[in-house]
Amino acid sequence: MSENLFDLTGQVAVVTGTSRGLGQYFARALARAGADLVLTSRNRETLAPFEAEIRALGRRSVALDLDVRSHESIQRFAAEAEAAYGQIHILVNNAGCNIRKPALDVSWEDWNTILETNLRGTFFVAQAVARSMIQHGYGRIINIGSVTSVFGYAGLAPYGASRGGVKQMTMSLADDWGKHGVTVNCLAPGWFKTEQNRVMYEDEGWVQYLCERIPVKRPGQPDDLDGAVVFLASEASRYITGQTLLVDGGITTGSTRATVAKK
Ligand SMILES: NC(=O)c1ccc[n+]([C@@H]2O[C@H](COP(=O)([O-])OP(=O)(O)OC[C@H]3O[C@@H](n4cnc5c(N)ncnc54)[C@H](OP(=O)(O)O)[C@@H]3O)[C@@H](O)[C@H]2O)c1
């Protein structure tokens, strides 16, 4: 074992949903820590520039097609990932989507899109990759949650249901697979500016409102998540499983909400 608890040299990490946003930051952080990568998108051709960036860091990289709403696509992706490297050590279950709407406007299709992507997709990707991890007796699975895993927000009922489900499912999977050397944790980002929520960040009033409620007084920068993802992927977290690590500038402490309520 390396003396550096955070060294991922020689390990292979799958990060789903790496065509943009947080997935690229997770992949970059893991590559900088030494890991080789599997990158995914529903259209892998879009991954070419990012693949080149990972290779420029001196790591191997394979780009695969993956639609987490398709069981067949998940099975094919898992087989291709294993065939490419022989062993997968780390999975960051990042692919996800959101549709913000008042609860009364949420359609049947909206609900299915969000739950099938964020909850069902996260489960079946974990299951497909864990089959191979269990054979090797080692694995680190990091499911991406959200502050909505633990807090309710208007306009985010289906999304919150999916992220609360991811948190709960993480505990069950940790209980199931711990005996096989596979840890399962949930990394729950707070409010980060990415393509998924670009429109909200264009509203300066909303950004100010948000910052007033975050104890560290700013939204998350995607690289604020680097340390947490490397930690959960590495030897440093070997006795931690079934947990949800909130990286949110403290917004879920509730203290600032209480202060606002008293005014
Ligand atoms: N941004 C935040 O503040 C925040 C906070 C908490 C949690 N999260 C979660 O963190 C993850 C990344 O967020 P983000 O803001 O980076 O989102 P984003 O910019 O919208 O990127 C989403 C990624 O997921 C992939 N994806 C979407 N639907 C998919 C499907 N059916 N099958 C496979 N891949 C799919 C997309 O790839 P393709 O379109 O190329 O297939 C894309 O790479 C999401 O799960 C999100 O819910 C985000």
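This passage looks at a predicted model, beginning with its sheet and moving on to its aromatic rings.

A good place to start is the sheet. Strands of a sheet pair through backbone hydrogen bonds, either parallel or antiparallel. Here, 7 strands come together in an open sheet, and their pairing is parallel. Reading across the sheet, the order is β3-β2-β1-β4-β5-β6-β7. At the edges stand β3 (61-65) and β7 (244-247); each has a single partner strand, so one side of each is left without a neighbour in the sheet. On average, neighbouring strands of this sheet are turned by 20° against each other, direction ignored.

Within the sheet, strand β1 (residues 12-15) and strand β4 (residues 90-93) run parallel and are joined by 3 bridges. Valine 14 can be found opposite leucine 91 in β4. Two helices that pack on the sheet are worth following from here. Helix α4 (residues 108-136) touches β4, β5 (139-144) and β6 (182-189), and its direction makes about 180° with that of β4. Helix α8 (residues 226-233) also packs on the sheet, where it touches β4, β5, β6 and β7. The direction of α8 makes about 145° with that of β5.

Next come the aromatic rings. A pair of aromatic rings is described by the distance of the centres and the angle of the planes. The structure holds 5 aromatic pairs. One of them is formed by tyrosine 153 and tryptophan 191, which meet edge-to-face, with 5.3 Å centre to centre and 85° between the planes. This pair links distant parts of the chain, 38 residues apart: tyrosine 153 sits in the loop between β5 and α5 (157-177), and tryptophan 191 in the loop between β6 and α6 (198-201). Both tyrosine 153 and tryptophan 191 are buried.

Tryptophan 191 has a further partner in tryptophan 206. The centres of their rings are 5.7 Å apart and the planes are at 70°, so this pair is edge-to-face. Because tryptophan 191 belongs to the loop between β6 and α6 and tryptophan 206 to helix α7 (residues 204-213), the pair ties together parts that are 15 residues apart in sequence. Tryptophan 206, like tryptophan 191, is buried. These residues belong to one aromatic cluster, formed by Phe151, Tyr153, Trp191, Tyr201 and Trp206.

Finally, charged side chains lie over aromatic rings in this model. Arginine 28 lies over the face of tyrosine 25, at 5.0 Å from the ring centre. Arginine 213 is placed over the face of tyrosine 209, at 3.6 Å from the ring centre.

Notes. Residues are numbered from 1 along each chain as its sequence is written. This is a predicted model: local features need pLDDT of at least 70, side-chain atom pairs count only at pLDDT 80 or more; totals for chains, interfaces and linings use all residues. Side-chain values use heavy atoms; hydrogens and water are left out. Two strands pair if DSSP finds at least two bridges between them. Helices (H or I, at least four residues) and strands (E, at least two) are DSSP runs, numbered from the N terminus. Axes are lines fitted to C-alpha atoms, for helices over the stretch in contact, and angles run from 0 to 180 degrees between N-to-C directions. Contact means heavy atoms within 4.5 Å. Rings of Phe, Tyr and Trp (its six-membered ring) pair if their centres lie within 6.5 Å; planes under 30 degrees apart count as stacked, over 60 as edge-to-face and the rest as tilted. Buried means under 20% relative accessible area, exposed over 50%, partly exposed in between (1.4 Å probe, protein chains only). A charge sits over a ring if NZ of Lys or CZ of Arg is within 6 Å of the ring centre and within 35 degrees of the ring normal.
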